[in-house]
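Q: I am new to this structure and would like a close look at a single part, the contact between the two chains. Please take me through that part with care.

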Amino acid sequence: MVFGVAGADERSAMRGREDDAAMAEERATVARAQAGDRAAVGQLLRKYGPGLYRSVLLPRLGSEALAQDALSETYAKVVERIGQFTWQGVGFYPWLRVIGLRAALDILRAKKRLLVWEAEDVQREIDAAQTQTPLEQTLSDRRDREAARRRIDAALSKLHPRYARAVRMRVLDELPREEVARALEVSPATFDVLLHRAVAALKKALDSER
Amino acid sequence: MVDTHDESPPDDLAACSDEERAAASALAAALDRPSGHADATFLRAVALAHAPTALEQREHEALISRALTRPRAADRGSVVRRVSFGVAAALSVAAALALLVRTSPTPTGPTRLAAARSTQALFDQPFQAGAASARIDRIAVARQADLRDNRFAQWGVR
């Protein structure tokens, strides 16, 4: 369909113009922020912070409190170092994401217990950030979230099927203990033991992926 | 594939010790209320990695507000300096310092970048003429790392 193709081209061109306009606007906001306009800094943080928290910090740190600490540290660094930011035509988000990953890395390095992400994993992500961070935050966020979800799914796929089901139902779907026990056809006390063993197997599976 | 077959079957409670039962019930209790239980914390991290929750707008605004109202490190540094001098001299010196720091684009000092240098340090043994080697690979990896570090340094995120 000729009209369909022309329409798609036109839509694509329009989207391109909108992207250019958005990028120019962001560049102007960054320039104001670098000139000392704190409202402009706030504007950038309001735009990108929630996505950074949800897609990058929270999955990697595994706790709301730690993710908020990392976000707070990230914002402090942005305020401190916005003057050093050099516009490279890729927008503000890739810079913010690397600062966020570094804040997460500092927290992970200080922790001893096993979480889903280890400091070395985040260090690898920082190394890759230079070439692999998409310009578009929506795309970057989706990739970050998919990477986290894939890691859990891959580890669960290595478990005994009943262990995996116990974790999925009780932890991921947040179903009540008694309901999961009924679904697995065991008593609640037996389910507790099953879940306890599933945790040990899951840790082992996650560790084996490193 | 992790071998789970060497472990006790999940429903075989005959192979379950009293210690394991106690640990399992402690975990079950910890999942129902906030606690510092290590395994419950781990499972919470798993859940958040799989389906992260959004940050509440009120909490986000508080974080932004804190960052924007906090004095910059450069400004805090100038306050410390002021104490070292007499009152009259301190005011003028601190004002001059504050002015200098505020107008500087790089408050933490100039960025140090990796410079061009010999590749000799990358090789501890001479290469044999005509034989295959990883020479170019090693140089490329080292220079790629330099480039990445330099970019991060210029971005102010090293």
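A: What follows describes the side of chain B that touches chain A, and then turns to two loop residues of chain A.

This is a predicted model, in which local features need pLDDT of at least 70 and side-chain atom pairs count only at pLDDT 80 or more, while totals for chains, interfaces and linings use all residues. Residues are numbered from 1 along each chain as its sequence is written, and chains are lettered from A in the order in which they are written.

The contact takes 63 residues from chain A and 50 residues from chain B, where two residues are in contact if their C-beta atoms, placed from the backbone, lie within 7 Å. On the side of chain B that touches chain A, at least two residues each come from helix 1 (18-32), helix 2 (38-50), helix 3 (57-69) and helix 6 (135-155) of chain B, helices being DSSP runs of H or I with at least four residues, numbered from the N terminus. Helix 2 of chain B gives the largest share of that side, eleven residues. Sorted by class, the side of chain B that touches chain A holds 31 nonpolar, twelve charged and seven polar residues; Ala, Val, Leu, Ile, Met, Phe, Trp, Tyr, Cys and Pro count as nonpolar, Asp, Glu, Lys and Arg as charged, and the others, Gly among them, as polar.

In chain A, Glu174(A) lies in the loop between helix 7 (161-172) and helix 8 (177-183), and its phi is near 55 degrees, a positive value in a residue other than glycine. Glu185(A), in the loop between helix 8 and helix 9 (188-208) of chain A, has a positive phi of about 60 degrees.
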